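Work through the exercises below with the sequence and the structure open. Each task is followed by a solution in steps.

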Amino acid sequence: MRDKSFAELIAEGATAPVEGWAFDWLAGRATEERPPWGYARLMAARMASADAALDIDTGGGEVLAEVPHPPRLLAATEAWPPNVPVARVNLAPIRARVVAVSADAPLPFRDAAFDLVVSRHPVRTDWPEVARVLRPGGTFLSQQIGPGSVRELSEAILGPLPPPAHRHPERAVAAARAAGLAVVDLREATLRTVFHDIGAVVWFLRKVIWTVPSFTVAAHRPALLRLHERIRAEGCFVAHARRFLIEATRTGDDSGR
């Protein structure tokens, strides 16, 4: 089979659907190591003992849909409109209510509504809102993107960047405590991420939009061509994703309100 051209690979990555939060399209084209703590397993265990739970930034609901024993009440929020109908289809079998929200708006739930709140790769964690909707003694469990994640890819497209200013785990801990939560677990991981063709890079940048803000193929074509040539010469392009797991509980008083 002949190798696909730069133009063909770019066209594939630029036209493939990116709705939802699954990465199946990258099969055979890119890989990323998984964090050692197993977020889906941890979340499922906590869901099994919860009465009312909320998943913030559920994406297409792909991870939440795999929970084998959902709680009596289960809600999920999503701010990116194309993901909302995908999440509603994926989460219907476990009877989860999917609520479309606006980015940066308060959570549309009453105080102390949930004994469990979870979030995988949230765009931004509103710690006071998390504390507000948690019941006293409730738990927040979240896997988050760390500082400078896949920075090597960002710099391959944009050039040298200043040190990352956001998503530092220690800042998340401080914000959680300031909101009245007690942090009971914090773990970090650096994960090898490998791209085997430029089409995979384009698709990834369209989907994970904060990697190269305002990314378009037209605006970044010269950098994409350079990266394509590098992948052809070296066999792949390696970056490193950064993740951290944070778990916090609301204390038994009203300090989180």
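**Exercise 1. A salt bridge across the chain**

Is arginine 46 buried, partly exposed or exposed? The model is a predicted one. Classify the residue, then do the same for its salt-bridge partner.

Solution.
- Step 1. The relative accessible area of arginine 46 is 24%. Buried would require under 20%, and exposed over 50%, so arginine 46 is partly exposed.
- Step 2. The side chain of arginine 46 forms a salt bridge with that of glutamate 247, at 3.0 Å from N to O.
- Step 3. Arginine 46 belongs to helix H2 (residues 39–48) and glutamate 247 to strand S8, so 201 residues separate these distant parts of the chain.
- Step 4. Glutamate 247 has 10% relative accessibility and therefore counts as buried.

**Exercise 2. Two further salt bridges**

Which elements hold glutamate 12 and arginine 29, and which strands hold aspartate 115 and arginine 135? Locate each pair and state how covered its members are.

Solution.
- Step 1. The whole structure contains 16 salt bridges. One of them joins the side chains of glutamate 12 and arginine 29, with 2.8 Å between N and O.
- Step 2. Glutamate 12 sits in helix H1 (residues 6–15), while arginine 29 sits in the loop between H1 and strand S1 (30–32); the two are 17 residues apart.
- Step 3. Glutamate 12 is partly exposed at a relative accessible area of 23%, whereas arginine 29, at 13%, is buried.
- Step 4. Aspartate 115 and arginine 135 also meet through their side chains in a salt bridge, at 3.8 Å from N to O. Aspartate 115 is in strand S5 (residues 114–120) and arginine 135 in strand S6, so the pair ties together parts 20 residues apart in sequence.
- Step 5. Both ends of this second pair are partly exposed: aspartate 115 has 22% relative accessibility, and arginine 135 has 23%.
- Step 6. Shared partners join Lys4, Glu12, Arg29 and Asp197 into one salt-bridge network.

**Exercise 3. The two sides of helix H6**

Which residues of H6 are buried, and why do they lie on the same side? Find what covers them.

Solution.
- Step 1. In helix H6 (residues 169–178), the buried residues are Pro169, Ala172, Val173 and Ala176.
- Step 2. These residues span an arc of only 100° around the axis, so they are on the same side of H6.
- Step 3. The spacing has a general basis: an α-helix has 3.6 residues a turn, so residues three or four places apart point the same way.
- Step 4. Glu170, Arg171 and Ala178 are exposed on the other side of H6.
- Step 5. The cover over the buried residues includes helix H4 (127–133), strand S7 (181–195) and strand S8 (237–250).
- Step 6. Glycine 180 follows H6 and has a positive phi, near 95°.

**Exercise 4. Strand S8 and its partners**

How many of the residues of S8 are buried, and in which sense does S8 pair with S6? Describe the pairing on each side.

Solution.
- Step 1. S8 is mostly covered, with 10 of its 14 residues buried.
- Step 2. Strand S6 (residues 134–145) pairs with S8 over seven bridges, in the antiparallel sense. Isoleucine 145 is opposite arginine 243 of S8.
- Step 3. S7 and S8 also run antiparallel, joined by 14 bridges. Here valine 194 is opposite valine 238 of S8.

**Exercise 5. The largest pocket**

Which residues are closest to the centre of the largest pocket? Give its volume and the elements that contribute to its lining.

Solution.
- Step 1. The largest pocket holds about 870 Å³ of space.
- Step 2. Its lining has 43 residues, of which Asp57, Ala79, Pro122, Val123 and Arg124 are the closest to the centre.
- Step 3. At least two lining residues come from each of H2, strand S3 (73–78), S5, H4 and helix H7 (198–207).

**Exercise 6. Positive phi outside glycine**

Where is aspartate 104, and where is histidine 121? Compare their phi values and their exposure.

Solution.
- Step 1. Most residues other than glycine have a negative phi.
- Step 2. Aspartate 104 has a positive phi, near 70°, and lies in the loop between S4 and S5. Its relative accessible area of 60% makes aspartate 104 exposed.
- Step 3. Histidine 121 also has a positive phi, near 60°, and is in the loop between S5 and H4. With a relative accessible area of 9%, histidine 121 is buried.

How values were computed
Residues numbered from 1 in each chain as written. Predicted model: local features only at pLDDT ≥ 70, side-chain atom pairs only at ≥ 80, totals over all residues. Heavy atoms only, no water. Buried < 20%, exposed > 50% of the residue type's maximum accessible area, 1.4 Å probe, protein only. Helix = DSSP H or I, 4+ residues; strand = E, 2+ residues; numbered from the N terminus. Arc of directions from axis to C-beta. Contact = heavy atoms within 4.5 Å. Pairing = 2+ DSSP bridges. Salt bridge = Lys/Arg side-chain N within 4 Å of Asp/Glu carboxyl O. 1 Å grid on protein atoms, 1.4 Å probe; cavity = no way out; pocket = protein on both sides within 12 Å on 5 of 7 lines; lining within 4 Å. Points joined across faces, edges and corners; volume = space filled by probe spheres on them.
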